[in-house]
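Work through these exercises with the model open beside you. Try each task before reading its solution.

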Amino acid sequence: MSTERTEAPALVDDSTGRSGLNRAQLAVVWIVGGLLVLTGLYFATDAVLRQVAQNVVREQIQKELPPDVTANDLSVKIDGFTVIPQLIAGEFEKLELSSHDVRLQGNRLSATVVAHGVPIDLSKPVQHVEGTMVIGQNAVNDLVALPNNTTVTLDTDEVGLKGTGKILGIDVGYTASVAPTLQDGDTIVLTPISVSVTAGGGAFDVTRFAKDLVPSNIPICIAEYLPKGVDASGLAIETRSATVTVTANDLVIGGDALQKRGSCG
């Protein structure tokens, strides 16, 4: 019995050129394969460098904060398709920072900041910064000093005051509803809408005596809580919290820049 033997077709047939891959095709395969490997290595390296850069930025910013400010869970995100060109250029296109545990003079608040055009050298200015701070009612009362031990209550689009004053020379306790407005990017002005006193188990509207209990305008300087060059651009009052939005252009955050606070007037 005879056994036939079948040979596998050649991958490359130089004599006929009709089967397998020729040299040019093999070269293309090797080039494409090499490019895929290099691309994979590039993006793997980019991911590592992005994480390292985010950690470095986090540490730098925490070091630059004023002594009475801490950000215990600061999150830093470098945006952009890849980070390597940004590192080469010496500038991050966009940084997103957030913390739900910012402490200002021991009072807790949350903050989110988006910065555009952030130089790696922090002694140079950041092109544009937008931020949002959410401050709870208790923190507002601890931070804001109002006369006569006045306390603040916050409700949706409404601010209330509770304190003591005099009507016709008589000491009384009062509650007031006030309208908050933002002025000049550095001051919140509280304007009384209605005032009442409680005595003998009843509440009495004494709005006509409001000027004897509370000033016609109560200015609160918020610039003194913000770095110099940062302006308040918006204010929203919610139940037991206030949200303040801020903006800044050409803001330097390196050195002692963040140690300098703003002022009003």
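**Exercise 1. Place V48 in the fold, then decide whether V48 is buried or exposed.**

Solution.
- Step 1: Find the element. V48 belongs to helix α1, which covers residues 23–64.
- Step 2: Check the accessibility. The relative accessible area of V48 is 53%. The cut-off for exposed is over 50%, so V48 is exposed.
- Step 3: Look for nonpolar partners. V48, V52 and V56 make a nonpolar surface patch. The patch covers about 240 Å².

**Exercise 2. Describe the protein chain as a whole, and state how far this predicted model can be trusted.**

Solution.
- Step 1: Count the elements. The protein chain has four helices and 13 strands.
- Step 2: Take the burial. The chain has 265 residues, and 35% of them count as buried.
- Step 3: Take the surface. The accessible surface is about 16,000 Å². Carbon and sulfur atoms account for 57% of that surface.
- Step 4: Sort the contacts by sequence distance. Take contacts between residues at least 6 apart in sequence; 51% of these join residues at least 24 apart.
- Step 5: Read the confidence. The average pLDDT is 83, and 80% of the residues score at least 70.
- Step 6: Mark the weak stretches. Over residues 8–13, pLDDT stays under 50. The model gives this stretch eleven contacts beyond four places in sequence. Residues 15–19 also have pLDDT under 50 throughout, with five such contacts. Where pLDDT is low, predicted coordinates should not be read in detail.

**Exercise 3. Find the disulfide, give its handedness, and say which parts of the chain the pair ties together.**

Solution.
- Step 1: Search the whole structure. One disulfide turns up.
- Step 2: Name the pair. C221 is joined to C264, with an S to S distance of 2.0 Å.
- Step 3: Check the distance against the criterion. The cut-off is 2.5 Å, and the S to S distance here is 2.0 Å.
- Step 4: Use the torsion. About the S-S bond of C221 and C264 it is about 90°, so the disulfide is right-handed.
- Step 5: Locate both ends. C221 sits in strand β11 (residues 218–221), and C264 in the segment after β13 (241–251). The pair therefore ties together parts 43 residues apart in sequence.
- Step 6: Judge the exposure of each end. C221 has 18% relative accessibility, so C221 counts as buried. C264 has 28%, so C264 counts as partly exposed.

**Exercise 4. List three of the salt bridges and classify the residues that form them.**

Solution.
- Step 1: Get the total. The structure holds six salt bridges.
- Step 2: Take K77 and D79. Their side chains meet at 3.8 Å, N to O. K77 is partly exposed, at 44% relative accessibility. D79 is at 13%, so D79 counts as buried.
- Step 3: Take K94 and E96. Their side chains meet at 4.0 Å, N to O. K94 is partly exposed at 28% relative accessibility. E96 is partly exposed, also with a value of 28%.
- Step 4: Connect these residues. K77, D79, K94 and E96 are linked in a network of salt bridges.
- Step 5: Take R103 and D101. The closest N and O atoms of this salt bridge are 2.8 Å apart. R103 is partly exposed, with a relative accessible area of 28%. D101 has 13% relative accessibility. The cut-off for buried is under 20%, so D101 counts as buried.

How values were computed:
Residues numbered from 1 in each chain as written. Heavy atoms only, no water. Helix = DSSP H or I, 4+ residues; strand = E, 2+ residues; numbered from the N terminus. Buried < 20%, exposed > 50% of the residue type's maximum accessible area, 1.4 Å probe, protein only. Patch = residues over 30% accessible without salt bridge, like charges linked within 9 Å, V, L, I, M, F, W, Y side chains within 5 Å. Areas by Shrake-Rupley, 256 points an atom, 1.4 Å probe, with all protein chains shown as cover. Contact = heavy atoms within 4.5 Å. pLDDT = per-residue confidence, 0-100.
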